Amino acid sequence: MLLDNLSHIGEIYATAEQMYEQGYRDASKLLYRCVIESEKYNNSERLAISHYRMFQIAIGKDMEANLRAALQFEPYRKSLPVELRLDALVELLRIYFSVHNWKQFEMLSDELIDLAHTVYREWKDETRFLSSSQGEPIRLRKSLIRYFGQGYLCKGTALQKMGKYEEAGKAIALYADLSWLGPENAEEEQEVLQFRDWAQANLYTLDVLMGKQEILDEYADFLGNHPGEVLSGLATIIQSANIYNFSIDDIICKFVDEISGFESYNDTVNLERRLRLAIQMSVYFFRHSKYEEGIESCLKALDLSFKTNNETVFAEATSLLEAYREYVGPTQNNQYKMVMEQMRIRTTLKYTI
């Protein structure tokens, strides 16, 4: 009934927001689409929020679909109210991290940092609020420490991925100590410590990527004391071992239990890390004539790249398996055929729809 009369666009939007908050995502999607099609003003906050909700609803494990959703939403992000724009930037950063678009990743990191600084300057004027476009006070959804930390962490990651290690080190130093933001409770104090630990982990990452083998044992001990860093850290260590051609059998053996537990890590960022770990491990095992382990890791990479629709790694894993096909056993060959058939069906559907 609402959709029959677009003069009710305000009520349609309000209903969509209510449905979204209550978890009725499919229903709210229909209403947000109506708002998007009917809103007259391109810089409307209501239009921007509707695009943002459509983006949030669309996010899943398919990296290609996530990127399409991000590209459709991005032009509207600057019309969002401040507290939503901060969160939207963090969500966009996750997408661009997963697809390895480091230029865009860096640009959005800078935008998040600049917006966090804007909020901080407002707060220094003895207020804990930032005014919305309607003149009403708005509370940030997370601590300012988290937004600053996320911005600088992503900035450092972008620079590191582009091989700008010296600049990455400077960015890391900026989130190594965020106590100047004045944590107000135990939770915020813990966030300061968390970013300090991430900074330490990423300094190790830079050293390893520059081939400093002498710090490997120290880095492994650090990872042993920080379980949340093991997945990312191992992927980096194995990547470095492949680049500089050194052995890390002892480190892989040390974390064998943790590696088997990564199967439960299914969020967007960790799926990308699992994929990177699997393909790097397969390269490492093949180079060290551990063909059984190499085939198993390659099959994992193939499966993960299919699930996340990462065509680049899928092609790389396929090439590796074909190069070492003589070592593929009957069971492994069946797994390989099954994934390839699934990819064939997906590709056929893609070009027939």
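How many helices and strands does the chain have?

**Figure 1. Overview of the predicted model.** The chain has 17 helices and 2 strands. Its C-alpha trace spans about 70 × 55 × 30 Å along the principal axes. The chain comprises 353 residues, and 48% of them count as buried. Contacts often reach far along the sequence: among those between residues at least 6 apart, 63% join residues at least 24 apart. The chain exposes about 18,000 Å². Carbon and sulfur atoms supply 50% of that area.

**Figure 2. The aromatic pair Y20 and Y32.** The structure holds 20 aromatic pairs. Y20 and Y32 form one that is edge-to-face. The ring centres of Y20 and Y32 are 6.4 Å apart, with 70 degrees between the planes. Y20 belongs to helix α1 (residues 9-21), while Y32 belongs to helix α2 (residues 25-38). The pair therefore ties together parts that are 12 residues apart in sequence. Both Y20 and Y32 are buried.

**Figure 3. The aromatic pair F148 and W180.** Here the ring centres lie 5.3 Å apart. The planes of F148 and W180 meet at 70 degrees, so the pair is edge-to-face. F148 sits in helix α7 (residues 144-161). W180 sits in the loop between α8 (165-176) and α9. Because of these positions, the pair ties together parts that are 32 residues apart in sequence. What is the relative accessible area of F148? The value is 0%, so F148 is buried. W180 is partly exposed, because its relative accessibility is 41%. Ring pairs also bring in Y120 and Y152, linking them with F148 and W180 into a cluster.

**Figure 4. W198 and its contacts.** W198 is placed in helix α9. Its relative accessibility is 21%, so W198 counts as partly exposed. The cut-off matters here, because buried means under 20% relative accessible area. Which residues does W198 touch, not counting those up to four places away in sequence? They are L153, Y175 and E229. For scale, Q335 is 137 residues from W198 along the chain. The C-alpha atoms of W198 and Q335 are separated by 37 Å.

**Figure 5. R276, a buried arginine without a salt bridge.** R276 is found in helix α14 (residues 268-287). How far away is the nearest side chain of opposite charge? That side chain belongs to E272, and it is 4.1 Å from R276. A salt bridge needs a side-chain nitrogen of Lys or Arg within 4 Å of a carboxyl oxygen of Asp or Glu, so the cut-off explains why this pair is not counted. Neighbours within four places in sequence are left aside in the contact list that follows. R276 is in contact with K161, S232, A235, T236 and Q239.

**Figure 6. A nonpolar surface patch at M210.** Which residues make the patch? M210, I243 and Y244 do, and the patch measures about 280 Å². M210 lies in the loop between α9 (186-209) and α10 (216-225). The relative accessible area of M210 is 39%, so this residue is partly exposed. Patch members need over 30% relative accessible area.

Notes:
Residues are numbered from 1 along each chain as its sequence is written. This is a predicted model: local features need pLDDT of at least 70, side-chain atom pairs count only at pLDDT 80 or more; totals for chains, interfaces and linings use all residues. Side-chain values use heavy atoms; hydrogens and water are left out. Patches are made of residues with over 30% relative accessible area and no salt bridge: like charges are joined within 9 Å, nonpolar side chains (Val, Leu, Ile, Met, Phe, Trp, Tyr) within 5 Å. Accessible areas come from the Shrake-Rupley method with a 1.4 Å probe; for residues, only the protein chains shown count as cover. Helices (H or I, at least four residues) and strands (E, at least two) are DSSP runs, numbered from the N terminus. Buried means under 20% relative accessible area, exposed over 50%, partly exposed in between (1.4 Å probe, protein chains only). Lys and Arg count as positive and Asp and Glu as negative; His and the chain ends are not counted. Contact means heavy atoms within 4.5 Å. Rings of Phe, Tyr and Trp (its six-membered ring) pair if their centres lie within 6.5 Å; planes under 30 degrees apart count as stacked, over 60 as edge-to-face and the rest as tilted.
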